[in-house]
Amino acid sequence: MNELVVIGVLFLAMGLWGGLAIWKMRRELQSLRVLVANAGLQSTPPLHINKPIEQPVIQTPILDPTPLSGAGSALANPPREARILLDELQGKGTDAYRFPLGWYSSFKGATLQTAQFVRDVNHILLTGQSDSGKDNAALGMLLSLALTKTPQQCQFAIVDGKGLDWLAWEKKEHTWLLATDPEHIEQAMMKLTAERQRRRAILADAGVTKWDKYTGKDLPLLVVFISELLLLENTVGKSQLTGWLNAELTAARAFGIRYIIATQTASNFSTQWRSQISLFMAGFQPSPSQDAPNVGLTTNELDALHVVAPSSLPSPNNQAGGVFCVVQGNQALNVRTTLIDDRDLDYLMECLPNRVAPSQKVHDDLLTSMLAIAHQNGVKALSPQTEALQTATQQLSVTHPSEALPVATHLVPADEQRRILAVAARATSRRAVCREVYNAVGGTGYNNVRLVCDAAGLLMPTPTAMPTASAA
Ligand SMILES: Nc1ncnc2c1ncn2[C@@H]1O[C@H](COP(=O)(O)OP(=O)(O)OP(=O)(O)O)[C@@H](O)[C@H]1O
C-alpha cells in the first residue's frame, strides 16, 4: 500500500515538473519573439537617403496568427507597422523586385505572401468595391519597392485622378510620372506609349530582345499604377482604351514595364487585355457574378481551391478592409494587407530621396563626370570651383544653346561636341550616338557623349515627372 502511495507521489511530482518545464519553455519562446521583433523594428529602413525626423512608436511587436472570421487564411490583425512588413520582405530577399501582397495564417504562424516582378509576375489586376483597400495595397507595393530599390533600379508612373492621395510622390526621385488630374490622363497614356517605344529602340540598339537581358544601367523597371481604370475610359472612350491596354500590356513586359491596374470591378471591360494579367488581387464584391471577371476563376473553382471568393469575403463596411483573394495561375490564397497609416507613411516618404532640380542635376552630373575624367588623367584633387566647371556651367546658361557649345572645349573638343549634338538630335539612345561618333560603345567616347547630352538635355535617361494639378 505504502509503495503504491510512493509511486503515486512520484508520478504526481514528475507531472508537475514536466508542466513547469513546458511553461518555462513557452515563456522563454515568448520573450525571444519579443526580442526578435524589437530587434527588427529598431533597425533603420533599408535606404537612408534622407534623415527622418522622428521614428513612429511601435505598438504591437508580436505577430498574431489568428485568421479573420469568414476570410479564409487572411489575418484578423496583420502587423500595422510598415517596418515589420519591410523587415519580413527583406528577410525573403529583394533581388528580383520582390513586393508584398499580404499576410495569412499558416502552420508557421503569421506569414507574409510576396511576389516578384522579375521571372514571376507580369501585370496585376487589383479590384474590389469602394473602400476595400486597393490604394493601400498598391501603396504597400510601391513603398516597399522604393525602399529596397534605388531610383536607378525602379521608377513609378502613377496615374490617379481620384484625389490627392499620391501628391507626396511628386517630389520623389523614384517618380517618373505623376498624373493626379483627370486632364493629364490622356497625356500620361501617350507618354507611357512613347516610353515603351523608346525602350524598344534602346534594346534593339543594344542587340537584346528583352529588358531582363539588358545590362545597361539606364533602364530601370517602370511600375505603372493606374488607380481607377474607369477614369481612363471616361477620358479617351471605351474603344481607344481597349486598344491602348491591348497594345501596352502585351508589349510592356519585354521592355521592363509592369502595370498594376486598379478598378472597382473589371467585369465591364474588354476581356482581351485581361489575358495579359498574371496576378489577380480581388477584394470584396457584392455578387458571385463578379468573381470570375476579377480573378479569372469561377466561384466553384475558388471553392475547390479552399479559398474564400471575393463575393463571400466580409464586407469592408464591416471593419474588414484590406482583405483580398489573390490568384496566380491555379494557386489562390486569402491575405490581408498591412494598413499604412499617415504617421508611418510620412516617416517612410521622408526616407525616400527627393528629385534634384534639373539644373542642379546637370551641375552635379557634370561635376561627377569631370571628377571621373580628372581621376582617369591622374589629377589628384579637383575643386568644384575649378575653371573647367565654371566655364562649363556658364556655357550651360547661354540663351541660344544651338549657337553655343554645351561643355568646355578642353573637356570635349568643339568638333566632337558639334558631331555629338547633330547625331543626338536624330538618334534614339546615347549608346547609338557613341557608336556613330566614336565607333565604340563605352570608355572616353561614351563619357563625352554623356557630358554633352546631359548639358544639352538630350536623350536624358530619366524623363521628368508630368506636371500635376498643383504645378499646372
Ligand atoms: N489592411 C487594412 N486593414 C484595415 N483597414 C484597411 C486596410 N486597408 C484599407 N483599410 C481601410 O479601408 C479604407 C479605404 O482604403 P483604400 O482607400 O485603400 O480603399 P480603395 O479600395 O482604394 O477605395 P476607393 O475605391 O473608394 O478609392 C482605409 O482608409 C482604411 O480605413
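How much area is buried between domain 1 and domain 2? Let me start there, and keep in mind throughout that this is a predicted model. The domain assignment splits the protein chain into domain 1, residues 82-351, and domain 2, residues 358-456. Between domain 1 and domain 2 about 450 Å² is buried, and carbon and sulfur atoms give 42% of that area. On the domain 1 side, Ala 201, Ile 202 and Asp 205 supply 65% of the area buried against domain 2, more than any other three residues.

Let me stay with this interface for a moment. Six residues of domain 1 are in contact with five residues of domain 2. By class, the domain 1 side that touches domain 2 has three nonpolar residues, one polar and two charged. How many salt bridges cross between domain 1 and domain 2? The rule finds zero. What does turn up between domain 1 and domain 2 is polar contact, in three residue pairs.

Now come with me to helix α5, residues 229-236. Within α5, Leu 229, Leu 231, Leu 232, Glu 233 and Val 236 are buried. Please notice Glu 233 in that list, a glutamate buried along with leucines and a valine. And what covers the buried residues of α5? The cover includes strands β4 (154-159), β6 (221-226) and β7, together with helices α4 (185-206) and α6 (238-252).

Both ends of α5 are worth a look. At the N-terminal end, Glu 228 acts as a cap, with a side-chain oxygen 2.9 Å from the backbone nitrogen of Leu 230. After α5 comes Gly 237, with a positive phi near 90°.

Glu 228 also leads us to Thr 263, because the side chains of Glu 228 and Thr 263 make a polar contact at 2.6 Å, and Thr 263 is buried, with a relative accessible area of 2%. Thr 263 is found in strand β7, residues 257-263. Leaving aside residues up to four places away in sequence, Thr 263 touches Leu 126, Thr 127, Gly 128, Lys 134, Glu 228, Leu 229, Leu 230 and Phe 269. So much for its neighbours; for a long-range view, the C-alpha atoms of Thr 263 and Val 5 are separated by 74 Å, with their positions 258 residues apart along the chain.

Next, two loop residues with positive phi. Tyr 97 has phi near 60°, a positive value in a residue other than glycine. Tyr 97 is found in the loop between α2 (82-92) and β1 (98-106). Is Tyr 97 buried or exposed? At 11% relative accessibility, Tyr 97 counts as buried. Gln 319 also has a positive phi near 60°, again in a residue other than glycine, and is found in the loop between α8 (299-304) and β9 (323-328). Gln 319, though, is exposed, with a relative accessible area of 70%.

I will finish with Arg 430 in helix α13, residues 430-438. Is Arg 430 buried or exposed? Arg 430 counts as buried, because its relative accessibility is 7%. A polar atom of the Arg 430 side chain lies 3.1 Å from the backbone oxygen of Leu 458. Not counting residues up to four places away in sequence, the residues that Arg 430 touches include Tyr 446, Val 449, Arg 450, Cys 453 and Asp 454. Further along the chain, Arg 430 also touches Leu 458, Leu 459, Met 460 and Pro 461. Thanks, everyone!

Notes:
Residues are numbered from 1 along each chain as its sequence is written. This is a predicted model: local features need pLDDT of at least 70, side-chain atom pairs count only at pLDDT 80 or more; totals for chains, interfaces and linings use all residues. Side-chain values use heavy atoms; hydrogens and water are left out. Domain bounds come from an automatic or database domain assignment. Contact means heavy atoms within 4.5 Å. Buried area is the accessible area (1.4 Å probe) that two parts lose on being put together, summed over both. A salt bridge is a side-chain nitrogen of Lys or Arg within 4 Å of a carboxyl oxygen of Asp or Glu. A polar contact is a pair of N or O atoms within 3.5 Å; within protein, one must be able to donate a hydrogen and the other to accept it, and residues adjacent in sequence count only if both atoms are side-chain atoms. Ala, Val, Leu, Ile, Met, Phe, Trp, Tyr, Cys and Pro count as nonpolar, Asp, Glu, Lys and Arg as charged, and the others, Gly among them, as polar. Helices (H or I, at least four residues) and strands (E, at least two) are DSSP runs, numbered from the N terminus. Buried means under 20% relative accessible area, exposed over 50%, partly exposed in between (1.4 Å probe, protein chains only).
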